[in-house]
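New to this one? Here is a quick briefing to read alongside the structure, grouped by topic.

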Amino acid sequence: MQNMIYRLDDARSRGILTEVHIADIHFNKKTNLKKFDKIKEEIYKNNPDYIVITGDTIDNTEIIKDKVRIKKLLLFLTDLANFTKVIISLGNHDVYLNEDLKFFKNLNELKNIYVLNNDIYIDESIFISGLTLPNKYYYNITKEESKEILIEHLKKHKKLTTNLPNNLPKVSLIHSPIKLTDKVVLSYLKDYDLLLSGHTHSGMVPNFLDKFLKPNQGIIAPNKKLFPDIARGKVINRLPNKAVTLIINGGVTKLGEHSAKLLSKLNFVYNIDLNKIIITDKKGR
């Protein structure tokens, strides 16, 4: 688990808050359930106020139809929710069709689980939004994630970007970080303190290769481009009057069920990534 202390420059938090941030569980028929025990153990040990999951909780929507198997995921999530609040945003593997949202709507009915599908969670200590990027953002004729579609989506969901509370730390859960360093995109997200993402699977960088690459660089991007610049770690976006920090979680699962057979056996060389994020009201970066 990586520990990240984030000091708020502008917002006034109520004391110190702790989040554990995970992403890309990619739950499927082959998921080793023992990893859930390891994750729970680590989370319980760190005693967070919130657990946030930034998308791709499932590997494909077919798993929802497997009533026996999906109960294993539900048990994991409800165990976490019995410990503290679990806040989930959606990724490109979670929803292909509108009917796929039914599973997540039902999940949202469970105690202490909040699925943010272009929606917000707010309490006396924190403001959290969850932006669901549309399929056409990921899958379009250019085969690139689309800045224009992201901006169009942000304009459509103004409640996520305007009139945010001044007296609370503000966090946005957005599955893909790929366009979150673009100055135009950031102009819509400028009131946030933290942007939390997943999606890139740490650029598929094993720990033993970490020192050979730039801090945020990966080996391969989701669109198969080599050596992407925004793939992992923490990125501080400097704006005229403040900084907006982007944290990219490397994911619970690096290689999903539909990876090539040889590749799918290589998950063991990658760590399960959990970020512990400490939010304090002391003046900082």
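The cover over the buried residues of helix α5 includes β7 (127-131), α4 (135-138) and α6 (183-188). Helix α5 itself spans residues 147-156, and its buried residues are Ile-149, Leu-150, Ile-151, His-153 and Leu-154. Keep in mind that this is a predicted model.

**The chain as a whole**

- The protein chain is built with seven helices and 12 strands.
- Of its 285 residues, 56% are buried.
- Take the contacts between residues at least 6 apart in sequence: 72% of them join residues at least 24 apart.
- About 13900 Å² of the protein chain is exposed, and carbon and sulfur atoms supply 53% of that area.

**How confident the prediction is**

- Mean pLDDT for the protein chain comes out at 88, with 88% of the residues at 70 or more.
- Go carefully with residues 4-14, where pLDDT stays under 50. The model still has 49 contacts beyond four places in sequence for that stretch.

**Aromatic pairs**

- How many aromatic pairs does the structure hold? There are nine aromatic pairs.
- One of them brings together Tyr-44 and Phe-83, with 4.8 Å from centre to centre and 40° between the planes, so the pair counts as tilted rather than stacked (under 30 degrees) or edge-to-face (over 60).
- This pair ties together distant parts of the chain: Tyr-44 sits in helix α1 (residues 34-46) and Phe-83 in helix α2 (residues 67-83), 39 residues apart.
- Are the two rings' residues buried or exposed? Tyr-44 is partly exposed, with a relative accessible area of 32%, and Phe-83 is partly exposed too, also at 32%.
- Tyr-137 and Tyr-138 make an edge-to-face pair, with 4.9 Å between centres and 85° between planes.
- Tyr-137 is buried, at 0% relative accessibility, and Tyr-138 is buried at 8%.
- Phe-27, Phe-36 and Phe-76 are joined into a cluster by ring pairs.

**Around His-26**

- Look for His-26 in the loop between β2 (16-22) and α1.
- Is His-26 buried or exposed? Its relative accessibility is 3%, so His-26 counts as buried.
- Its side chain makes a polar contact with the side chain of Asp-24, at 3.3 Å.
- Setting aside residues up to four places away in sequence, His-26 touches Thr-31, Asp-56, Thr-57, Ile-58, Asp-59, His-93, His-201 and Thr-253.

**Around Asn-108**

- Asn-108 belongs to the loop between α3 (101-107) and β5 (113-115).
- With a relative accessible area of 33%, Asn-108 is partly exposed.
- Which residues is Asn-108 in contact with, leaving aside its neighbours within four places in sequence? They are Ile-113, Tyr-114 and Val-115.
- For Val-115 there is a specific link to find: the side chain of Asn-108 reaches the backbone nitrogen of Val-115 at 2.7 Å.
- Another spot to check is Ile-87, which is 21 residues from Asn-108 along the chain, with 9.4 Å between their C-alpha atoms.

**Strand β12 and its partner**

- Strand β12 covers residues 275-280, and six of its six residues are buried.
- Which residues point which way from β12? Asn-275, Ile-277 and Ile-279 point one way, while Lys-276, Ile-278 and Thr-280 point the other way. All of them are buried, whichever way they point.
- Strands β2 and β12 run antiparallel, joined by six bridges.
- To trace one of these links, start at His-21: its bridge partner in β12 is Asn-275.

**Around Gly-233**

- Gly-233 is part of strand β10 (residues 233-238).
- Where sequence is concerned, Gly-233 and Pro-215 are 18 residues apart, while their C-alpha atoms are 7.0 Å apart in space.
- Beyond its neighbours within four places in sequence, Gly-233 is in contact with Asn-216, Leu-246, Ile-247 and Ile-248.

How values were computed:
Residues numbered from 1 in each chain as written. Predicted model: local features only at pLDDT ≥ 70, side-chain atom pairs only at ≥ 80, totals over all residues. Heavy atoms only, no water. Phe/Tyr/Trp six-rings, centres within 6.5 Å; stacked < 30°, edge-to-face > 60°. Helix = DSSP H or I, 4+ residues; strand = E, 2+ residues; numbered from the N terminus. Buried < 20%, exposed > 50% of the residue type's maximum accessible area, 1.4 Å probe, protein only. Polar contact = N/O pair within 3.5 Å; in protein donor to acceptor, adjacent residues only side chain to side chain. Contact = heavy atoms within 4.5 Å. Pairing = 2+ DSSP bridges. Areas by Shrake-Rupley, 256 points an atom, 1.4 Å probe, with all protein chains shown as cover. pLDDT = per-residue confidence, 0-100.
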